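Load the model in your viewer and keep the selection tool handy. We will go from stop to stop, and at each one you can pick out the residues and look around.

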Amino acid sequence: MQLNCIIFVYLGKQVLQKSANCMKSTRNTTAKSAIQLLLQQSNTALSHKDIQNEVGELCNRVTIYRILDRLVEEGEIHKIINTDGVIKYAPCHQCESHHGHNHDHVHFSCIKCDSVTCLDNVQPSYNLPPNYKVQEVNFTLSGICPNCVK
């Protein structure tokens with residue numbers, strides 16, 4: 001029997017409500033739920049610092065790192081290494097299961113506002129010399145995003 005419950009998460013000055021399945025096989029905490037919700041509601045990828053600023057005193061920076069690592073391991077989010085070396089995190093949109101889990105899509109880094117967005121419908125293209133095998137793709141374009149062009 002599975003139970004449904006509602007989790008209330010405090011982020012800064014706003015209280016967010018999230019329905020959840022209470023009988024999950026992975027460990028869920030209030031901090032983990034808050035970070036998941038924050039990432040899901042963001043239009044851009046978020047850095048550790050961005051997340052820490054939003055969650056405030058809900059948890060400390062080490063706990064945030066642990067939660068982010070766990071969410072990456074569980075396939076809920078993916079890491080993006082930005083052009084400036086800052087690691088950002090975004091939710092997985094096209095991954096139905098861990099078997100189909102890949103992040104070989106393009107990211108766009110805005111040079112004006114420092115936002116990073118996933119471009120899920122743009123596939124990177126490259127040609128490799130013989131005897132090279134790709135394990136992972138981190139493809140980031142940089143320029144000016146639509147919000148900054150206006």
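**First stop: the cysteines**

Start with the sulfur atoms: the count of disulfides comes to zero, a disulfide being a pair of cysteine sulfur atoms within 2.5 Å. Select Cys 113, which is in no disulfide; its nearest cysteine sulfur, that of Cys 110, is 3.6 Å away. Now add Cys 145, which is in no disulfide either, with the sulfur of Cys 110 as its nearest, 3.6 Å away. Is Cys 145 buried or exposed? Cys 145 is buried, with a relative accessible area of 6%, while Cys 113 is partly exposed at 37%. Here buried means under 20% relative accessible area, exposed over 50% and partly exposed in between, using a 1.4 Å probe and protein chains only.

Before moving on, a note on what you are viewing: this is a predicted model, in which local features need pLDDT of at least 70 and side-chain atom pairs count only at pLDDT 80 or more, while totals for chains, interfaces and linings use all residues. Residues are numbered from 1 along each chain as its sequence is written, and side-chain values use heavy atoms, with hydrogens and water left out.

**Second stop: the mixed sheet**

Helices (H or I, at least four residues) and strands (E, at least two) are DSSP runs, numbered from the N terminus. Two strands pair if DSSP finds at least two bridges between them. Select strands 7, 6 and 8, which form an open sheet in that order with mixed pairing. Strand 7 (116-119) and strand 8 (139-143) are the edge strands, each pairing on one side only. Neighbouring strands here are turned by 30° against each other on average, direction ignored; axes are lines fitted to C-alpha atoms, for helices over the stretch in contact, and angles run from 0 to 180 degrees between N-to-C directions.

Zoom in on strand 6 (residues 106-110), which runs parallel to strand 8 and is joined to it by five bridges. For a landmark, pick His 107 and find Thr 140 of strand 8 opposite.

**Third stop: the antiparallel sheet**

Next, show the open sheet of three strands in the order 3-5-4, where the pairing is antiparallel. Strand 3 (46-47) and strand 4 (77-81) are at its edges with a single partner strand each, so one side of each has no neighbour in the sheet. Two bridges link strand 3 to strand 5 (residues 87-91) in the antiparallel sense, and Leu 46 stands opposite Tyr 89 in strand 5. Add helix 1 (residues 30-41), which packs on this sheet and touches strand 3, strand 4 and strand 5; contact means heavy atoms within 4.5 Å. The direction of helix 1 makes about 85° with that of strand 5.

**Fourth stop: a salt bridge**

How many salt bridges are there? The count is one, a salt bridge being a side-chain nitrogen of Lys or Arg within 4 Å of a carboxyl oxygen of Asp or Glu. Select Lys 32 and Glu 74, whose closest N and O atoms are 2.9 Å apart. Lys 32 lies in helix 1 and Glu 74 in the loop between helix 3 (61-73) and strand 4, so the pair ties together parts 42 residues apart in sequence. Lys 32 is buried at 1% relative accessible area, and Glu 74 counts as buried at 17%.

**Last stop: helix 2**

Finish with helix 2 (residues 48-55), where His 48, Ile 51 and Val 55 are buried. Look down the axis of helix 2: its buried residues fall within an arc of 65°, so they line one face. That arc is taken over the directions from the helix axis to the C-beta atoms. The face turned away from the buried side carries exposed Lys 49 and Asn 53. Gly 56 follows helix 2, and its phi is positive, near 60°.
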